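Biologist: Could you take me through this one slowly? I'd like to hear the rule behind each label.

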Amino acid sequence: MKQNNPNNKGSIGITVVMLVFCFMMSVTMAYHKQLQTETVIHKQIDLSDRAMDAAFSGVNYAIATIQAEKKVFAGTKKVFFESSTGRVAIGGTSENTTIQSKWVCLDRNMQFSNYYDDKTKTSSSGEIESDRNPPYRFKVACTDKFYFLATDTLYIKSIGEYIQYSGTDKMASYTAQIIAECQLNKITKTIRIKKYRRMSTKEKDLFTFKGYSEE
C-alpha cells in the first residue's frame, strides 16, 4: 500500500498558509489605499467648502450693505455692486449708490481664528504676524438687472476664494460662485435669502444676469 509522503503534506500546508497570508495582505493594502483616497477626497471637499463659505460671506456682505439703505424698500433707491463706479444713474435717479466691486478680505490686523491657518512667525510682543494675503476673500455683483422691485426680488452673485498656503508660499486656490435669490420685506425692511445655487466659476460673467437658472 502506497503511503503519502509527509514532505508533500508540509509543502501543501505552507502553500495554503502563504496564499491566505497574501490574500490578507491584499485586503489590508486595498483597505489602506481606500482610506488614503477617502482622506484626500474629504480634504478637497473641505477646502472647496471653505470657498463656498467665502462666497456666502459675499452675499451676506451685499445684503447688509443694501438693506442699510432704507429707501431701497420704498423703491426710490438702488445699491449697485459693479465693476466700476463710473456708471450713470438709470432713470435719472441720482440717489442710486454704486460701489466698485473688488476682492474683499479680512483686515490684516484682525486676530481671527481662521485667518492664520499656517502661522508664519511671531513678533517680539508675542503677536502673530504674516507676510501673506488672507486665505479667504470674495467679490460680489448686483447691477440694475438684478433688481425686480415689482416682485420684491433681488439677485446677488458672489464668487468666493480660499487660498491654501504653506508658510508664505501659495500652494493652491479653491473658488466657488453662487447666485442667491433674495426677498425684500418692505414691512420689516430686511432682505433674506430665499434660495441659492452654485454656478460655474466665471469671474468675467460675474456682472451679467440672464436668469436664476441660467449660467
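Biologist: What makes strand S9 and strand S10 a pair?

Modeller: Two strands pair if DSSP finds at least two bridges between them. S9 (residues 169-185) and S10 (residues 190-199) have 9 bridges, in the antiparallel sense, so they pass that test. Strands here are DSSP runs of E with at least two residues, and helices are runs of H or I with at least four, numbered from the N terminus. One of the bridges has Ile178 facing its partner Arg198 in S10. The two strands form a hairpin with 4 residues between them, and Lys189 in that turn has a positive phi of about 55°.

Modeller: Keep in mind that this is a predicted model, where local features need pLDDT of at least 70 and side-chain atom pairs count only at pLDDT 80 or more, while totals for chains, interfaces and linings use all residues. Residues are numbered from 1 along each chain as its sequence is written, and side-chain values use heavy atoms, with hydrogens and water left out.

Biologist: How do you know that Lys194 and Glu181 meet in a salt bridge?

Modeller: The rule asks for a side-chain nitrogen of Lys or Arg within 4 Å of a carboxyl oxygen of Asp or Glu. Here the N to O distance is 3.9 Å, so the pair counts. Lys194 lies in S10 and Glu181 in S9, so the pair ties together parts 13 residues apart in sequence. Salt bridges that share partners join Glu181, Lys194 and Lys195 into one network.

Biologist: Why is Glu181 called buried, and Lys194 partly exposed?

Modeller: Buried means under 20% relative accessible area, exposed means over 50%, and partly exposed is in between (1.4 Å probe, protein chains only). Glu181 has 8%, so it is buried. Lys194 has 48%, so it is partly exposed.

Biologist: How many salt bridges does a search of the whole structure find?

Modeller: It finds 6. Among them is Lys78 with Asp144, at 2.6 Å from N to O. That pair links distant parts of the chain, 66 residues apart: Lys78 is in the loop between H1 and S1, and Asp144 is in the loop between S6 (136-141) and S7 (147-148). Lys186 and Asp152 also meet in a salt bridge, at 3.3 Å.

Biologist: What makes the link from Asn96 to Lys78 a polar contact?

Modeller: A polar contact is a pair of N or O atoms within 3.5 Å; within protein, one must be able to donate a hydrogen and the other to accept it, and residues adjacent in sequence count only if both atoms are side-chain atoms. The side chain of Asn96 reaches the backbone nitrogen of Lys78 at 3.0 Å, so the distance fits the cut-off. Asn96 is in the loop between S1 and S2 (97-100), and with 14% relative accessibility it counts as buried.

Biologist: How do you know that Cys142 is in no disulfide?

Modeller: A disulfide needs a pair of cysteine sulfur atoms within 2.5 Å. A search of the whole structure finds 0 disulfides. For Cys142, the nearest cysteine sulfur, that of Cys182, is 8.3 Å away, so the pair fails the cut-off. Cys142 is buried, with a relative accessible area of 0%, whereas Cys105, at 42%, counts as partly exposed.
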